[in-house]
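Hello,

Here is the structure I promised to pass on to you. Please open it beside this email, and then read on for what I found.

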Amino acid sequence: MTIRPIVRYPDPRLALPAQPVTVFDGALRDLARDLLETMHAAPGIGITAPHIGISLRVVVLDLDPIVGARTYVNPEIIWASPETIMHQEGSVSMPGVNDDIQRHARVRISYHDVHGNLQTEESAGLRAVCHQHEIDQLNGLFWIQRLSRLKRERLIKRFEKVSRG
């Protein structure tokens, strides 16, 4: 396993849609392990392949010590509840800042595991927020795009200040 360098905001690669995974092999499983290691080192609870500069639709989440880390390949939201929740979000690509984002309270996703098996998962709360956040990233939508222009500009200024030390 390798800790990979994380692509930092405002790198334009964060705004590009990721490509679907078509080969489920050892290289994909190695990528998933590297993503997990990189996420833990960041530290974070979710990461995508684009966060390390690889344009593939791969997400790793580690939200629960009992359930453990999960890898989602080619995830797509197939249903979202009409109810919404506010949740504080941030990014391994923009460390040191966060803000509240409105998301669906529950979602159902379809995805493949690292062996290529099709799966579905329904989630609520933090896991649902993370699915939406990371799938947005795979679609080239960086989380701050969900903020109003004023909030986004303030957050970027705060990030620049934090980054300077």
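What percentage of the 165 residues of the protein chain count as buried? The figure is 42%. Please keep in mind as you read that this is a predicted model.

Let's begin with the overall picture. The protein chain contains three helices and seven strands. If you follow the sequence from start to end, these elements come in the order α-β-β-β-β-β-β-β-α-α. The radius of gyration is 15 Å, close to the 15 Å that the globule rule gives for 165 residues, so the protein chain is as compact as a globular protein of that length. Its C-alpha trace spans about 45 × 40 × 30 Å along the principal axes.

Contacts tell you how the chain comes back to itself. Taking the contacts with a separation of 6 or more, 64% are between residues 24 or more positions apart.

Now for the inside. The largest nonpolar core is made of 15 residues, and Leu 31, Leu 35, Ile 47 and Val 58 have the most contacts inside it. Two elements, α1 (26-41) and β2 (58-61), give two or more residues each to this core. Helix α1 supplies the largest share, with five residues. Try selecting Leu 31 in your viewer: leaving out residues up to four places away in sequence, Leu 31 touches Arg 4, Ala 49, Ile 52, Ile 54, Leu 56 and Val 58. Apart from this core lies another one, of 12 residues, which includes Leu 14, Phe 142, Ile 144 and Ile 156.

One residue deserves a visit of its own. Asp 136 sits in helix α2, which covers residues 125-138. Is Asp 136 buried or exposed? Its relative accessible area is 9%, and buried means under 20%, so Asp 136 is buried. Beyond the residues up to four places away in sequence, Asp 136 touches Arg 103, Leu 141 and Arg 146.

Finally, have a look at the outside and the charges. The protein chain exposes about 8,500 Å², and 53% of that area is supplied by carbon and sulfur atoms. As for charged side chains, there are 20 positive and 19 negative ones in the protein chain. The centres of these two sets lie 7 Å apart.

Enjoy exploring, and write back with any questions!

Best wishes

Note on methods: Residues numbered from 1 in each chain as written. Predicted model: local features only at pLDDT ≥ 70, side-chain atom pairs only at ≥ 80, totals over all residues. Heavy atoms only, no water. Helix = DSSP H or I, 4+ residues; strand = E, 2+ residues; numbered from the N terminus. Buried < 20%, exposed > 50% of the residue type's maximum accessible area, 1.4 Å probe, protein only. Contact = heavy atoms within 4.5 Å. Core = buried A, V, L, I, M, F, W, Y, C linked by side-chain atoms within 4.5 Å. Rg over C-alpha atoms; globule rule 2.2 N^0.38 Å. Areas by Shrake-Rupley, 256 points an atom, 1.4 Å probe, with all protein chains shown as cover. Lys, Arg positive; Asp, Glu negative; His and termini not counted. Charge placed at Lys NZ, Arg CZ, Asp CG, Glu CD.
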